[in-house]
Amino acid sequence: MTGFVWFFLAFVLIAAVALFVVIAVFSRGSAPRSGHDGVRRVRAVIVLARVVAAVLAVRVVMDVSELGLYGQGLSLAPFVVAIVWVLGGIAAEMVTRSALRDGGAALEVRSLERYLPRRSAFLLGFSIVLLVATAVITTVVAGADGRSLAYACGPDCMSTRTPWPGAFYTAPLAVAFMILLVLVAINVHLAVTRPRGNLAEVDLAADDDTRSAAVAAALAVVALAIAATAAGLVMFGLLPPSFDPDAPPLIRLALVAGIAAVVLAAVSAAGLLVTALTPRPVRSAAEV
Amino acid sequence: MQVRIDDGDPTPPYEQLRRQLLALMHAGALAPEARLPPIRQLAADLGVAAGTVARAYRELEDAGWLVSRRGGGTRVATGAAPQSAASGVDLSEVTAAVHHARARGATATQIQATVDLALAAGPQ
């Protein structure tokens, strides 16, 4: 493996430890316990599905990494992991769809706003915009083969760098990202609209926590995928030519946007993971 | 505030729902401008077809109790004032029971839930 790959893996390890520390520091204690069978079953099925999805994701990412040429499959790995994880969440929601149905209903409006961690979601949205901007810039300035960068380094001098995140890498990434967004929207919709009947207040609070956690977990994996993809673009593509004084200034702009995307996505992921593990009380309908 | 569909009740589900919503509005539990759940959400919660809830909402809307706005959901109409006493029926015992429960420390939510359950259980 090259030094850059080791550097990237070290970055991932440090980021994982930092996330763990943030979650441990900012966690809000244990979620309210419910004696309601349905509420407990929903929570257990979601946790089980996520564990199975995580194991599957590791297996799938090993296969995907081998696909394509010049690390094309490896670049897709974060989004593929996220897609498998979200599919696990969707499966859990489908299985537990009627677990809390008992013929009754509370006259309440359950909307996404009640369960969405707003600040983390805003940061996530901003990091997505920055990643898209980075990818657009790198795609526009890429060479004709879509995986190299060529620029003048003086009279009668042309410098070529590869790998470079042109269309060869960003087109499959865009497709995977769109698939991920659609699946996340489905997962979040299913979590918010999961039917529930007449529940006691403590069970309602526990169920609300399960929904908040499910929404946050689905978004957290998107944030992690964005952070990992942006980090990959920065380290493998943008960083080496940025130190070249002859490199086009647009590359440094993409580097700044890419680094900002990594930071914002990591902060968003930390916040979302804290919410997923220790959800805050949901907003009432009046607060939405 | 809760509603319930009783499968053993020969009354059609939409009528059960309409009656319960009307009772809640009469009692003032559903205040004017209060937003009701979306049709699909309530239908999914109750385990009935969306058309059942839509019909109950539509009949209450036709009678002037509810107002539906595109994008704004379904709300209790502004003019849907609670009826403190139904004509010809003495509800003073209900009022006294509520006062009694409040004096003993019961919360408004607990009292409301108890009344809702009693209403949902139907006539004895």
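In chain B of this predicted model, strands β3 and β4 form a hairpin with three residues between them; helices (H or I, at least four residues) and strands (E, at least two) are DSSP runs numbered from the N terminus. Within the turn, G71(B) has a positive phi of about 85°. The two strands of the hairpin, β3(B) and β4(B), are paired in the antiparallel sense over four bridges, pairing being assigned where DSSP finds at least two bridges between two strands. L66(B) is placed opposite V76(B) of β4(B).

The hairpin belongs to an open sheet of three strands in chain B, ordered β2-β4-β3 with antiparallel pairing. Strands β2 (35–36) and β3 (66–69) of chain B occupy the edges with a single partner strand each, so one side of each is left without a neighbour in the sheet. Between β2(B) and β4(B) (residues 73–76), the antiparallel pairing extends over two bridges, and R35(B) has R75(B) as its bridge partner in β4(B). Helix α3 of chain B (residues 50–62) lies across β2, β3 and β4 of that chain, at about 110° to β3(B). Axes are lines fitted to C-alpha atoms, for helices over the stretch in contact, and angles run from 0 to 180 degrees between N-to-C directions.

Strand pairing is also found between the chains. β1(A) and strand β1 of chain B (residues 2–4) pair in the antiparallel sense over three bridges, and G104(A) has R4(B) as its bridge partner in β1(B). The side chain of R4(B) also meets that of D102(A) in a salt bridge (4.0 Å, N to O), defined as a side-chain nitrogen of Lys or Arg within 4 Å of a carboxyl oxygen of Asp or Glu. Two salt bridges are counted between chain A and chain B. Strand β1 of chain A (residues 104–106) gives the most to the side of chain A that touches chain B, with three residues.

Across the interface, 16 residues of chain A are in contact with 19 residues of chain B (heavy atoms within 4.5 Å). The chains bury about 1500 Å² between them, 49% of it on carbon and sulfur atoms; buried area is the accessible area (1.4 Å probe) that two parts lose on being put together, summed over both. A105(A), L107(A) and V109(A) supply 43% of the area that chain A buries against chain B, more than any other three residues.

Residues are numbered from 1 along each chain as its sequence is written, and chains are lettered from A and ligands numbered from 1 in the order in which they are written. Local features need pLDDT of at least 70 and side-chain atom pairs count only at pLDDT 80 or more, whereas totals for chains, interfaces and linings use all residues, and side-chain values use heavy atoms, with hydrogens and water left out.
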